[in-house]
Amino acid sequence: MLVPALLIIVWVGVGGIGGPYFGKVSEVSSNDQTTYLPSSAEATLVQERLADFRDSDAIPAVVVATKDTAFSDAELETLADALDSLPGSVEGVSDDISPFIPSEDGLAAQAFVPLDSGENLSDHVNALGDHLRDAAPSGVTVQVTGPAGFTADLVNGFAGIDGLLLGVALIAVFIILVIVYRSLLLPVAVLGTSMMALTVALLVNWWLAKWGVFMLSGQTQGILFILVIGAATDYSLLYVSRYREQLRLTRDKGEATIRAIRGSIEPILASGGTVIAGLLCLLLSGLKSNSSLGPVAAVGIVFSMLAALTLLPAILFAFGRAAFWPRRPRYEPEVVAEEHGMPRGVWARLAAWIRSHHRPIWIVTTLALVAGLFGATHLDASGVAQSELVLGVSEARDGQAALGEHFPGGSGSPAMVVTPSGSLQQTADTLLDNPGVDSVAVVALDAPSGTAPVTADGITAFGPPGTEPSAPTVSHGDVLLQATLTDAADSDAAQQTVRELREALASGGAEADSGGAGSGSTGSGDALDQATLVGGVTATAIDTNDASIHDRALIIPIVLAVILVILMMLLRSIVAPIILIATTVLSFGTALGVAGWMFKHVFDFPGADPAVPLYSFVFLVALGIDYNIFLMTRVREESLRHGTLEGISRGLAITGGVITSAGLVLAATFAALSVIPILFLVQIAFIVAFGVLLDTFIVRSLLVPALATDIGRAIWWPSRLSRGGGGAGSGPGSATIA
């Protein structure tokens with residue numbers, strides 16, 4: 001009794017320390033896309049150089065004021081007074097505020113307000129908008145957009161992770177467990193185990209992020225919560241099934257605990273190890289948002305396994321049979337032996353039906369899954385506009401639309417171009433030659449010391465190509481140019497413009513004093529000073545999407561290879577792992593196809609982030625394999641005693657209930673992600689939840705057993721089982737059905 005009590009005390013003690021960290025993740029997380037890019041990305045290089053041209057790391061907010069009729073001078077003066085009062089009235093506002101600039105049609109005015117980019121950015125944006133709306137003349141609509149506005153939208157979207165997301169997930173799992181076990185105490189024990197795993201994982205990840213080992217973001221935090229709750233509950237259900245079975249075979253709850261741990265440790269460790277291996281493959285990603293998710297989630301899976309194999313056994317040992325009240329398992333070894341001799345129930349009848357009709361079953365299910373694949377042609381995973389990342393009402397999105405009606409679409413989010421000062425005019429001419437560029441301005445020049453602070457009159461507009469620039473010229477250092485695009489910064493047209501600019505500048509548009517260095521140069525020091533680089537919001541989106549597409553092509557095959565090797569070692573077979581991998585990939589493809597059709601024709605989503613298929617693949621394949629591991633390890637165990645065909649039927653009959661419950665739990669937890677109004681998370685929620693249900697009820701319940709039955713004992717090749725080394729049913733005729 002001492003060891004279980006000690007385990008409970010240790011878990012509760014460490015979990016209690018980690019509990020308060022639920023509200024502190026924002027202290028060590030970031031939602032800035034630029035920080036996720038590879039260090040060699042062109043947008044990253046420009047972002048690093050911006051510190052040479054700016055005195056602060058403030059993020060610009062674009063304030064747009066609109067009216068149905070033209071602004072009067074008095075109204076513009078009122079707005080100007082409101083701007084002047086911002087530094088002393090609104091926290092986080094920088095002194096470097098631009099005046100209101102009226103549009104050509106006189107129906108709008110815009111101003112640029114730098115805001116502190118710290119964790120209170122959302123509060124600063126709200127306060128800025130409220131202050132200006134209160135001071136604005138009657139009939140004037142004021143909206144805050146630009147980089148600060150969209151970043152605040154993301155922060156607000158992720159705000160419900162600690163409370164709403166976790167609450168919805170726990171309630172959904174609790175209801176499922178109560179229905180499955182018809183008990184109140186057991187679901188509390190299982191969810192308590194999952195919550196302890198999550199609090200400890202959060203504590204460890206928080207400090208690792210604090211020490212700079214990896215990054216945390218809102219989406220990483222949300223996925224960590226769901227993954228730990230779902231995985232820990234699944235592993236707990238597997239242990240509960242074994243423990244309940246052993247309580248029926250022995251009177252001693254201590255002996256039942258030891259036997260249950262022995263029976264569940266291999267599939268739990270194998271399942272968890274498979275998920276961890278798949279997640280760690282994300283370390284190969286060039287995007288820090290992907291590469292950091294791997295170890296963050298892996299830490300969560302480690303504590304999920306530990307909690308299911310230590311804390312839950314200790315809790316259930318303490319309660320014994322009372323944990324299952326009011327349906328306490330009775331000591332009835334004779335009944336268990338009879339059930340094992342002839343499995344009964346729904347799953348036993350399903351197993352018998354599959355054994356009799358195996359070939360039509362696997363052919364029909366395969367054709368149905370293949371048909372679902374074609375929906376993937378409807379999934380546009382080339383990226384979505386920044387304004388579409390947050391679902392529902394968005395002031396920043398509405399403000400950008402208003403801005404685009406009266407000003408160049410790229411106002412407030414210009415392309416940032418760093419070029420050698422000797423190439424100043426040539427670079428400006430190249431920019432202005434592109435029809436996607438509305439105007440170009442000099443922001444700053446390097447001072448002799450190597451720094452270039454922005455001066456009060458440091459922004460000087462260029463005229464048409466071929467005219468003399470009014471900016472001063474120096475013979476050293478770099479120049480930062482702002483190119484205002486004609487299209488919205490997050491539009492496809494703006495991305496095409498930036499790609500064209502990069503190509504033009506790399507092919508000779510800014511050769512002077514550059515030694516022919518092209519766009520995208522990844523050098524450092526003197527070499528970096530020779531390059532003309534294009535960054536900014538649009539360039540960041542381009543580099544992010546390109547890196548995500550590269551990651552998909554690189555990581556997906558590696559994940560498959562790693563999981564295949566793990567399965568081969570676990571099942572001592574080559575054929576069975578190939579079958580399991582192939583069916584799981586088919587299930588993923590079908591889920592992606594159905595999602596593509598639903599996203600386009602039902603939900604009317606604008607597209608998908610390139611990382612959506614990658615994340616969905618890693619979760620569905622790694623977690624989907626879990627259920628096949630639960631099934632096939634039990635099938636192998638039964639095959640060693642009774643032969644392959646009987647082992648398949650027995651394995652399905654014995655594990656059917658617990659695996660289906662686990663699948664429902666995991667689907668419910670991932671579905672809970674949809675309560676966070678972030679497009680990326682909502683799409684992940686649908687694909688993974690639907691894919692898990694598809695895998696649970698079709699692939700694992702029908703396709704895999706039917707296909708394994710048709711293949712017979714050859715599925716264990718080249719192990720001894722494939723040569724009839726198992727029980728009575730493994731003889732020469734066991735590969736066929738009489």
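**Strand pairing, helix packing and local backbone features**

Val-63 stands opposite Ala-111 in strand E3, and this pair belongs to a sheet that is described here from a predicted model. The register is part of the pairing between E1 and E3, which run in the antiparallel sense over eight bridges. The sheet as a whole is open and consists of four strands in the order E2-E3-E1-E4, with antiparallel pairing. Its edges are formed by strand E2 (101-102) and strand E4 (141-145), each of which pairs on one side only.

On the side of E4, strand E1 (residues 59-66) is joined to its antiparallel partner by five bridges, and within this pairing Val-62 has Thr-145 in E4 as its bridge partner. At the other edge, E2 and E3 are antiparallel and are joined by two bridges, with Ile-101 standing opposite Gln-110 in E3. These two strands, E2 and E3, form a hairpin with five residues between them, and Gly-106 in the turn has a positive phi of about 75°. Strand E3 is mostly covered, since seven of its eight residues are buried. In a regular strand the side chains alternate between the two faces of the sheet. Helix H15 (residues 395-406) lies across E1, E3 (108-115) and E4, and runs at about 110° to E4.

The sheet is one part of a protein that has 23 helices and nine strands. Of the 738 residues in the protein, 57% are buried. Among the contacts with a separation of 6 or more, 81% are accounted for by residues 24 or more positions apart.

Two packed helices are described by the angle between their axes and the distance between the axes. For helix H10 (residues 253-280) and helix H21 (residues 611-642), the axes come within 9 Å and cross at roughly 160°. That angle makes H10 roughly antiparallel to H21, and the crossing of H10 and H21 is right-handed. On the H10 side, the residues that meet H21 are Pro-267, Ala-270, Ser-271, Thr-274, Val-275, Gly-278 and Leu-279; on the H21 side, those that meet H10 include Val-618, Phe-619, Ala-622, Ile-629 and Phe-630. By class, this contact of H10 with H21 has 11 nonpolar, four polar and one charged residues.

Helix H16 (residues 424-433) is mostly covered, with seven of its 10 residues buried; the buried residues are Leu-424, Thr-427, Ala-428, Asp-429, Thr-430, Leu-431 and Leu-432. In the loop between H16 and strand E6 (437-445) is found Asn-434, which is buried because its relative accessible area is 9%, under the 20% cut-off. Leaving aside neighbours within four places in sequence, Asn-434 is in contact with Thr-497, Glu-500 and Leu-501. The C-alpha atoms of Asn-434 and Leu-485 are separated by 9.6 Å, although the two residues are 51 residues apart along the chain. A further pairing of this kind links Gln-496 with Gly-436, which are 60 residues apart in sequence and 8.7 Å apart in space, C-alpha to C-alpha. Gln-496 lies in helix H17 (residues 492-509) and is partly exposed, with a relative accessible area of 41%.

Several local backbone features remain to be described. Most residues other than glycine have a negative phi, and most peptide bonds are trans. Arg-572, which is not a glycine, has a positive phi of about 55°; Arg-572 is found in the loop between helix H19 (537-571) and helix H20 (575-601), and counts as partly exposed at 43% relative accessibility. Asp-604, likewise not a glycine, has a positive phi of about 55° and lies in the loop between H20 and H21. At 62% relative accessibility, Asp-604 counts as exposed.

Cis peptide bonds are also present in the model. One joins Trp-325 and Pro-326, with omega about 10°, and Pro-326 is found in the loop between helix H11 (288-319) and helix H12 (333-341). Another is the bond from Trp-717 to Pro-718, with omega near 5°, and Pro-718 lies in the segment after helix H23 (679-711).

Terms used:
Residues are numbered from 1 along each chain as its sequence is written. This is a predicted model: local features need pLDDT of at least 70, side-chain atom pairs count only at pLDDT 80 or more; totals for chains, interfaces and linings use all residues. Side-chain values use heavy atoms; hydrogens and water are left out. Axes are lines fitted to C-alpha atoms, for helices over the stretch in contact, and angles run from 0 to 180 degrees between N-to-C directions. Angles under 35 degrees count as roughly parallel, over 145 as roughly antiparallel, 65 to 115 as roughly perpendicular and the rest as oblique. A crossing is left-handed if the near helix is turned anticlockwise from the far one by less than a right angle, and right-handed if clockwise. Contact means heavy atoms within 4.5 Å. Ala, Val, Leu, Ile, Met, Phe, Trp, Tyr, Cys and Pro count as nonpolar, Asp, Glu, Lys and Arg as charged, and the others, Gly among them, as polar. Buried means under 20% relative accessible area, exposed over 50%, partly exposed in between (1.4 Å probe, protein chains only). Two strands pair if DSSP finds at least two bridges between them.
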